[in-house]
Amino acid sequence: MTEKIKSAYLAAEGLTQPLLKELDGVIAIHDRLVLSSQPAQEVFWAQNIWRNPETLSIDSINDAAKKLQAIQRNWCLHSYHLHRRAKLILEKLSPRKSRPLVFPSALPTSPLGSFTLLDKNTLLASSDCSSAFPNGEVNFVEDRNGPPNRAYLKLYEALTLANLKPQPGEFCIDVGGSPGGWAWVIHQCGAEVLSIDRAPLSPSVASLKGVSFQKRDAFSLHPQEFELKQQSVDWLFSDLICYPEKLYEWILPWVESGVCKNFICTLKFKGEPDQSTIEKFAAVPNSQVRHLFNNKNELTWFKISSP
Ligand SMILES: C[S@@+](CC[C@H](N)C(=O)[O-])C[C@H]1O[C@@H](n2cnc3c(N)ncnc32)[C@H](O)[C@@H]1O
């Protein structure tokens with residue numbers, strides 16, 4: 001490799017292809033780690049972006065650890081080969097033990113760098129990474145009894161990254177809400193939630209205080225219903241299974257109406273992601289689209305008002 005590496009991208013498991021499609025200047029692909037000759041790009045499909053990678057020559061494990069520590073304190077390893085040597089370097093750094101998060105938790109604030117071994121005597125290390133979590137992996141202490149499915153982990157992660165959650169006294173709408181994993185999280189936050197779906201909520205969620213349900217087509221729900229009642233909506237959540245283009249056409253009037261403060265919506269793809277619609281979502285002012293660790297072939301669109 002002769003070109004200088006200016007940024008690196010860790011794709012989610014099984015999702016390297018959509019990342020490659022949106023990335024410029026690819027010079028090497030090491031399994032899920034993609035190296036680029038271009039400065040860091042704000043791509044949608046990366047689980048972690050290494051924004052300022054440096055290549056460092058090392059002559060021993062101790063030397064590697066010393067050079068990394070001279071840059072900063074906290075590092076995580078992504079190794080795609082030379083696993084044992086890489087692990088020995090990590091051990092020398094006395095890494096923080098990463099424990100599953102209890103929801104809700106604040107976002108970690110101390111900087112976390114990422115490194116890998118390009119070969120036996122060369123490190124690639126980036127002190128500035130897009131994710132505050134090791135390799136972008138946001139793991140939570142799971143609740144195996146409360147929620148009816150595992151979809152709640154997506155909302156745990158989205159709210160953690162947003163650094164904001166529904167508050168007691170707030171009113172939320174959750175479209176495509178059944179069987180109720182997201183409604184269960186909203187209830188846990190202490191807010192009220194109206195869940196809309198064509199399928200029923202799980203009885204254990206339907207019976208929770210502050211959870212109400214309407215069996216209807218989500219696309220028949222328009223902001224005028226709430227404008228007429230002069231009822232503001234604090235959060236609009238969507239985990240609908242539908243074409244992202246259809247979701248965009250439906251959500252835009254909600255954004256423009258100003259009736260709702262915060263939005264978190266999953267964009268679900270069948271096969272190849274629809275790049276033009278992703279860009280339309282990303283172009284909504286003060287919003288962002290990102291791939292969550294707990295997303296599959298999906299992205300999450302956030303539009304969060306400052307508290
Ligand atoms: C992935 S599931 C949602 C899981 C949910 N977030 C949870 O935490 O349990 C998607 C839901 O979208 C619903 N859905 C799809 N199209 C819909 C529509 N047009 N109107 C209402 N619900 C719809 C499906 O019935 C399904 O329950």
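This chat covers how domain 1 and domain 2 of a predicted model meet.

Trainee: Which domains does the assignment give for the protein chain?
Mentor: Domain 1 spans 7–136, and domain 2 spans 152–303. Keep in mind that the model is predicted.

Trainee: What separates their centres?
Mentor: Taken over C-alpha atoms, the centres of domain 1 and domain 2 are 32 Å apart.

Trainee: And how many residues does each put into the contact?
Mentor: Domain 1 gives 17 residues and domain 2 gives 24.

Trainee: What area is buried between them?
Mentor: About 1500 Å². Carbon and sulfur atoms give 69% of that area.

Trainee: Which three residues supply the most on the domain 1 side?
Mentor: F44, W45 and F103. Together they supply 51% of the area that domain 1 buries against domain 2.

Trainee: Switching to charges. How many salt bridges cross the interface?
Mentor: The rule finds one between domain 1 and domain 2.

Trainee: Which side chains meet in a salt bridge with N to O at 3.0 Å?
Mentor: Those of K21 and E272.

Trainee: How many residue pairs are in polar contact between the domains?
Mentor: Two, with both at pLDDT 80 or more.

Trainee: Back to domain 1. Which elements give two or more residues to the side touching domain 2?
Mentor: Helix α1 (16–22) and strand β4 (46–50). The largest share, three residues, comes from α1.

Trainee: How do the residues on that side divide by type?
Mentor: On the side of domain 1 that touches domain 2, 12 are nonpolar, three are polar and two are charged.

Terms used:
Residues numbered from 1 in each chain as written. Predicted model: local features only at pLDDT ≥ 70, side-chain atom pairs only at ≥ 80, totals over all residues. Heavy atoms only, no water. Domains from an automatic or database assignment. Contact = heavy atoms within 4.5 Å. Buried area = accessible area lost by both parts, 1.4 Å probe. Salt bridge = Lys/Arg side-chain N within 4 Å of Asp/Glu carboxyl O. Polar contact = N/O pair within 3.5 Å; in protein donor to acceptor, adjacent residues only side chain to side chain. Helix = DSSP H or I, 4+ residues; strand = E, 2+ residues; numbered from the N terminus. Nonpolar A, V, L, I, M, F, W, Y, C, P; charged D, E, K, R; others polar.
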